[in-house]
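Let's walk through a protein model together, one step at a time. Keep the sequence and the 3D view open as you read.

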Amino acid sequence: MAKKRMIKTDFWEDEFVQELSSDGKLLFLYFLTNPHTSICGVYKISIPTISFETGIPKDRVLKTIDSLSKASKVYYID
C-alpha cells in the first residue's frame with residue numbers, strides 16, 4: 001500500500017509564503033515535500049534535478065534558492 005502524505009493547508013496562510021513569488025512558493029513547498037528530503041531536512045540534490053522535477057528553468061531555480069537563502073529558509077551548498 002502506498003504512503004499517503006498530506007500537506008497542512010495552513011501552509012498557504014503563512015505570512016512568509018504569501019509574500020513569495022510563484023517560483024518561491026513552488027520551490028519552498030518542493031523543498032519540504034520532495035522524495036529526496038529527509039527527516040532532518042538535509043539531502044543531496046542537484047539544480048538540474050530540482051529544475052526537472054519542478055519544471056522551473058535552472059536560472060530561475062538558482063535565483064529563487066538565493067532569495068530563500070537570504071530569508072534563512074533554505075541553504076544550498078554547491
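**A walk through four helices**

The protein has four helices and zero strands. If you follow the chain from the N terminus, its elements run α-α-α-α. Please keep in mind that this is a predicted model.

Let's begin with the overall form. The C-alpha atoms fill a box of roughly 35 × 30 × 25 Å, taken along the principal axes. A compact globule with 78 residues would have a radius of gyration near 12 Å, and the protein has 13 Å, which agrees. What about the surface? The accessible surface comes to about 6200 Å², and 55% of that surface belongs to carbon and sulfur atoms. Of the 78 residues, 28% count as buried. Contacts also link distant parts of the sequence: among contacts with a separation of 6 or more, 39% are accounted for by residues 24 or more positions apart.

Now turn to how the helices meet, starting with H2 and H4. Helix H2 covers residues 22-33, while helix H4 covers residues 58-70. Their axes are 10 Å apart and pack at an angle of about 75°. Angles of 65 to 115 degrees count as roughly perpendicular, and therefore H2 and H4 are roughly perpendicular to each other. On the H2 side, the residues that meet H4 are Asp-23, Gly-24, Leu-27, Phe-28 and Phe-31. Their partners in H4 are Arg-60, Val-61, Thr-64, Ile-65 and Leu-68. By class, this contact of H2 with H4 has six nonpolar, two polar and two charged residues.

One residue in that meeting place is worth a pause. Is Gly-24 buried or exposed? Gly-24 has 2% relative accessibility, and buried means under 20%, so Gly-24 counts as buried. Gly-24 lies in H2 and, not counting residues up to four places away in sequence, touches Thr-64 and Leu-68. Look as well at Gly-24 and Arg-60: they are 36 residues apart in sequence, and 9.5 Å apart in space from C-alpha to C-alpha.

Next, follow H2 to another partner, H3. Helix H3 is made of residues 47-54. The axes of H2 and H3 come within 11 Å and cross at roughly 110°. That angle makes H2 roughly perpendicular to H3. From H2, the contact is made by Leu-26, Leu-27, Tyr-30 and Phe-31, and from H3 by Thr-49, Ile-50, Glu-53 and Thr-54. These residues of H2 and H3 divide into five nonpolar, two polar and one charged.

The remaining pair on our walk is H3 with H4. Here the axes come within 9 Å and cross at roughly 105°. This makes H3 roughly perpendicular to H4. In H3, Ile-47, Pro-48, Ile-50 and Ser-51 take part, and in H4 they meet Lys-58, Val-61, Leu-62 and Ile-65. By class, the contact of H3 with H4 has six nonpolar, one polar and one charged residues.

Let's zoom in on two residues of H3. Ile-50 is found in this helix, and at 0% relative accessibility Ile-50 counts as buried. Which residues does Ile-50 contact, leaving aside its neighbours within four places in sequence? They are Leu-27, Tyr-30, Phe-31, Ile-45, Gly-55, Val-61 and Ile-65. As for Thr-33, its C-alpha atom is separated from that of Ile-50 by 12 Å, and the two residues are 17 residues apart along the chain.

Ser-51 is also found in H3. At 12% relative accessibility, Ser-51 counts as buried. Leaving aside neighbours within four places in sequence, Ser-51 is in contact with Ile-56, Pro-57, Lys-58 and Val-61.

Our last stop is Ser-72, placed in the segment after H4. What is worth noticing about its backbone? Most residues other than glycine have a negative phi. Ser-72, however, has a phi near 60°, a positive value in a residue other than glycine. At 49% relative accessibility, Ser-72 counts as partly exposed.

To retrace the walk in your 3D view, start with H2 and H4, which are roughly perpendicular to each other. Then find Ile-50, which counts as buried, and finish at Ser-72, which counts as partly exposed.

Definitions and conventions
Residues numbered from 1 in each chain as written. Predicted model: local features only at pLDDT ≥ 70, side-chain atom pairs only at ≥ 80, totals over all residues. Heavy atoms only, no water. Buried < 20%, exposed > 50% of the residue type's maximum accessible area, 1.4 Å probe, protein only. Contact = heavy atoms within 4.5 Å. Axes fitted to C-alpha atoms, helices over the stretch in contact; angles between N-to-C directions. Parallel < 35°, antiparallel > 145°, perpendicular 65-115°, else oblique. Nonpolar A, V, L, I, M, F, W, Y, C, P; charged D, E, K, R; others polar. Rg over C-alpha atoms; globule rule 2.2 N^0.38 Å. Areas by Shrake-Rupley, 256 points an atom, 1.4 Å probe, with all protein chains shown as cover.
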